[in-house]
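Reader: Got a minute for a model? Pull it up and we'll go through it.

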Amino acid sequence: MAKGERAGLAGRLPFRLRDVNMTEGPVLSRMFVYTLPLMMSGILQLLYNAADVAVVGRYAADKQTSLAAVGSTGSLTNLIIGLFMGLSVGCCVVVSRYLGSGEKKNASETVHTSILTGLILGVILAFVGILFSKPLLRLMKSPDSVIDLASLYMKIYFIGLPVSMLYNFGSSVLRAKGDTFFPLIVLVVSGSVNVSMNLILVKGFHLDVAGVAAATVCSQAVSAAMVLIHLSRLPGDDPCKLYFRRIGIRRDKLFKIIAVGIPAGAQGVLFSVSNVILQTAVNSLGDVAMAGNTAASNIDGFIYIACNSVYHSAVSFTGQNYGAHNFGRIKKVAWSSVFIVTAVGLAMGSVAFFFAKPLLSIYAPGAESAAVREYGLLRLRITALTYFMCGLMEVATGLLRGLNRSILPMSISFFGSCVLRVCWVYFLFYPYEYFNNMFWLWMTYPISWFITAGAEFLVFFIVFRKITVRNRESGGEAGGVSAG
């Protein structure tokens, strides 16, 4: 097929292989086209992660202990890598703004700075995770029955962090330019590798949690390679094209990424700290509660990742239109994001709520796991139908971040979610027997989501109004990419 024919075919596809134009055309439909591959990618990733848990739950020698070991590491892993993963969000925001304002050279330099930054951070985090995984698990009061397996899983997982960071920074560049379709292809391929190796290493070679972790590392390496090769094969006039010989740190671009990324990462860390504290509280209830919580968290994780895909859309669309000074379009982006995330959150939450029992049986099958399923069912009854509020909170954060306001959502989240959750655990859960159970522990989520989302949307509309007024007074020059 000739090159021109391929281009014509791509233009007729319902989900275009070319980039979504974020600064022109109908907002809602283009956000949907942009968001859907992101959502599918996230759900696929969770399906592969669920396969990790399901394989361990079915084929490990000690199913309950292995399931608890894998599940107890998530909040701690997110805590360690969260700060630096925020820098990939900073990469997306800065590249989006440069593309929106037509500054191709600056966009290209940001791309090459981001790739090397991701690799360096990945190497640093690998050493940190390997050295401190077991001491940190002890601080979380992980039971002796699971701590050795959990520590082994984390050490192998952290070996793969350099390639994981490369993938995340590379996919952030693709999101910034409007391409969410290729990352979906990457997830299909790498996820298939992950599931296949899970079965081979756990069921075939009986490697237990070590096999699951090794399969994850291999799939991450495949993802990173595919994204980097794709970036290097973009057309020569594409500002996001990757030239390996040009990879290096440009200090001004790095500082812009940091200005957005560090608050974004710090916000993720703050959430992770509160989740670590909640996980510690769960650990104090025993390994059955831990296993039930692991199963339920994998299910409501599907709701979260779908809502979080709308957050990434809000960041990219707002960033490009902020760079292009399309402030009227940003308001449409905000309302479209609210509509999409509410619809998606309620739809998926309803599935999790009404089909909770059969879904939990996937992770904890058999009569011997009845107690595990009951703990999981309790969590889903509280979080499933309220998760859309978490999505609204994420969208408000993305809108503010796209407007070059990254410290504000971090500060609001710190008080609205993290401080509230920590106070709930230490002043209610531990001291009072009435509150010392899973029901009251997980009630912190919908309460904190509601408070934080309301505060962030209020601040967004105040900030947006000030920006538009200033833009009118200055003759339309209030955009740009300076750190603020």
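Author: Here come a pocket and then the cysteines, in a predicted model.

Reader: What volume does the second largest pocket have?

Author: About 210 Å³.

Reader: How many residues line the second largest pocket, and which lie nearest its centre?

Author: The lining has 13 residues. L47, I299, F302, L359 and Y363 lie nearest the centre.

Reader: Which helices each supply at least two residues of that lining?

Author: α2 (27–59), α11 (287–323), α12 (327–354) and α13 (356–363).

Reader: And which gives the most?

Author: α2, with four residues.

Reader: What is the lining of the second largest pocket by class?

Author: It has 13 nonpolar residues. No polar and no charged residues are in that lining.

Reader: Switching topic. How many disulfides?

Author: Zero.

Reader: Take C307. Why is there no bond from its sulfur to the closest cysteine sulfur?

Author: The closest cysteine sulfur is in C390, 6.6 Å away from that of C307, so the two are too far apart for a bond. The cut-off for a disulfide is 2.5 Å between the sulfur atoms.

Reader: And what about C390, in a disulfide or in none?

Author: In none. For C390 the nearest cysteine sulfur is that of C307.

Reader: Is C307 buried or exposed?

Author: Buried, with a relative accessible area of 1%.

Reader: Why does C390 count as buried?

Author: Because its relative accessibility is 4%, and buried means under 20%.

Methods: Residues are numbered from 1 along each chain as its sequence is written. This is a predicted model: local features need pLDDT of at least 70, side-chain atom pairs count only at pLDDT 80 or more; totals for chains, interfaces and linings use all residues. Side-chain values use heavy atoms; hydrogens and water are left out. On a 1 Å grid over the protein atoms alone, a cavity is a set of points where a 1.4 Å probe fits but cannot get out, and a pocket is an open set with protein on both sides within 12 Å along at least five of seven lines; lining residues have an atom within 4 Å of a point. Grid points are joined across faces, edges and corners, and a volume is the space filled by probe spheres set on the points. Ala, Val, Leu, Ile, Met, Phe, Trp, Tyr, Cys and Pro count as nonpolar, Asp, Glu, Lys and Arg as charged, and the others, Gly among them, as polar. Buried means under 20% relative accessible area, exposed over 50%, partly exposed in between (1.4 Å probe, protein chains only).
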